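Take a look at this protein model. Keep an eye on its enclosed spaces and its aromatic rings.

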Amino acid sequence: MIITKKMMAALAITGSMISAISAPSFADTVKIGMNVPLTGFAAADGTSALLGAELAVEQANAEGGINGTPIELVRYDDQASPKQSVPIANKLIGQDEVIVGISGSYSGATRAAAGIFQSEGVPYISAFAVHPDITKSGDYVFRTSFVGEVQGRAGAKLIGEMLGKKRVVVITLKNDFGQSLAAGFKSKAADFGIDIVNEYEYSIKDRQFGPIVTKIKSDKPDAIYASGYFFTAGPLVSQLRSAGIDVPVIGQEGYDSEKFIDIAGPSSEGVLITTSLDRDSTVAETKDFISAFEAKAGYKADMVAASGHTAANVAIAAMRKAGTTDRQAIRDAIAAINMVASTGTISFNDLGEVKKNVQVQVVKDGAWHHYAVIDDQELLAPPVK
């Protein structure tokens, strides 16, 4: 049989088609997009979240990336603002053609971006934003940290059952984060024998809490449940202690930073928080993350760093499992994830909410340390609709 030039060309075309079908459909790099605050009031948290995500990508690339293709992390500064996160989401999807998106930002920016990713059919993972509406954007949106209400319910168990404190003052930051935490706490307070003596609200811009402190001193509570970020909680706790109020203060993951301890100083001793990162964990994934992050960042790991690391690793594991850039296949792989990460064992319910234990940390000798684990799965059950 004589093979003509036309036959050879046809064979070459057929061979290239077979190769394209059999090989993983990745380009030169696999792109993960990230909106994250790198300037503005949330820049410290954003920087930690980004460094955590970068660490996950570096570790994955050292292991061969996604089926031999390097991972590229494309990130933009959203300043924790919905006005920034929406155009960033459109840019990541339309211009950069990312396969998966990650939010290393707060609830307002994350909620706004989630709708864009959902409408375009691009999987999107919130690393630590707490507002319940984020995953309600649709079936392409997931969260690797606790919804605010779950953490609030854990706070009620911690105060009422584990600490045995019954007269409680609630201090609520007036934003998505604070209000969702307060809602969860108040929903379960009575179940743990807690009497909420008073609730006081404050703005994210507040740093002077004199009027609230004076009222709390008159309330004479057994404990204080106070939502906030390290830059609000630090001054608040310091002013409470300066006024002679020495009852336990219970916060949440917003406190989870060395910066809280720096700001509050000795007043931070004994403060308890519900969070996702156990500094004293014996789990290899957590221990390895903590040491690798501190070597990369030059400072101690915090919850947002671990959450950025976790969200990126979920995306990477799902892309490896899917073996393709098909976003539906990757979405399905994320939904089916069951993996041990730096913030615990990660799996999702049908709404895309994470199912995992709550870590309780305490400031002891000027550093965060293990206090307890809350593993009541009925209490911690995330919303399903």
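What follows covers the annotated domain, then the cavities, then the ring contacts.

The model is predicted. UniProt, in an unreviewed entry, places the feature "domain: Leucine-binding protein" at residues 29–365. That span is 44% helix and 19% strand, and its end C-alpha atoms lie 45 Å apart.

Next, the empty space. A search of the whole structure finds 2 cavities of 30 Å³ or more. The largest holds about 120 Å³. Its lining includes D45, Y106, F128, F177, Y229 and E253. By class, the lining residues of this cavity are 8 nonpolar, 2 polar and 2 charged.

The second largest cavity holds about 40 Å³. Among its lining residues are F146, V147, K356 and L380. Here the split is 6 nonpolar, 1 polar and 1 charged. Two of these names meet again in a ring contact: K356 lies over the face of F146, 5.1 Å from the ring centre.

Now the aromatic pairs. The count comes to 15. One of them joins F41 and F231 edge-to-face, with 6.1 Å centre to centre and 80° between the planes. F41 lies in the loop between β1 (30–36) and α2 (43–62), and F231 in helix α8 (residues 230–242), so the pair ties together parts 190 residues apart in sequence. F41 is partly exposed, at 42% relative accessible area. F231 is buried, at 9%.

Y255 and F260 make a tilted pair, because their ring centres are 5.1 Å apart and their planes stand at 50°. Both residues, Y255 and F260, are buried.

Ring pairs also build a cluster: F41, Y106, F128, F177, Y229, F230 and F231. Y106, F128, F177 and Y229 appear in the lining of the largest cavity too.

Definitions and conventions: Residues numbered from 1 in each chain as written. Predicted model: local features only at pLDDT ≥ 70, side-chain atom pairs only at ≥ 80, totals over all residues. Heavy atoms only, no water. 1 Å grid on protein atoms, 1.4 Å probe; cavity = no way out; pocket = protein on both sides within 12 Å on 5 of 7 lines; lining within 4 Å. Points joined across faces, edges and corners; volume = space filled by probe spheres on them. Nonpolar A, V, L, I, M, F, W, Y, C, P; charged D, E, K, R; others polar. UniProt positions renumbered as here; feature names shortened; annotations may be inferred. Helix = DSSP H or I, 4+ residues; strand = E, 2+ residues; numbered from the N terminus. Phe/Tyr/Trp six-rings, centres within 6.5 Å; stacked < 30°, edge-to-face > 60°. Buried < 20%, exposed > 50% of the residue type's maximum accessible area, 1.4 Å probe, protein only. Lys NZ or Arg CZ within 6 Å of the ring centre and 35° of its normal.
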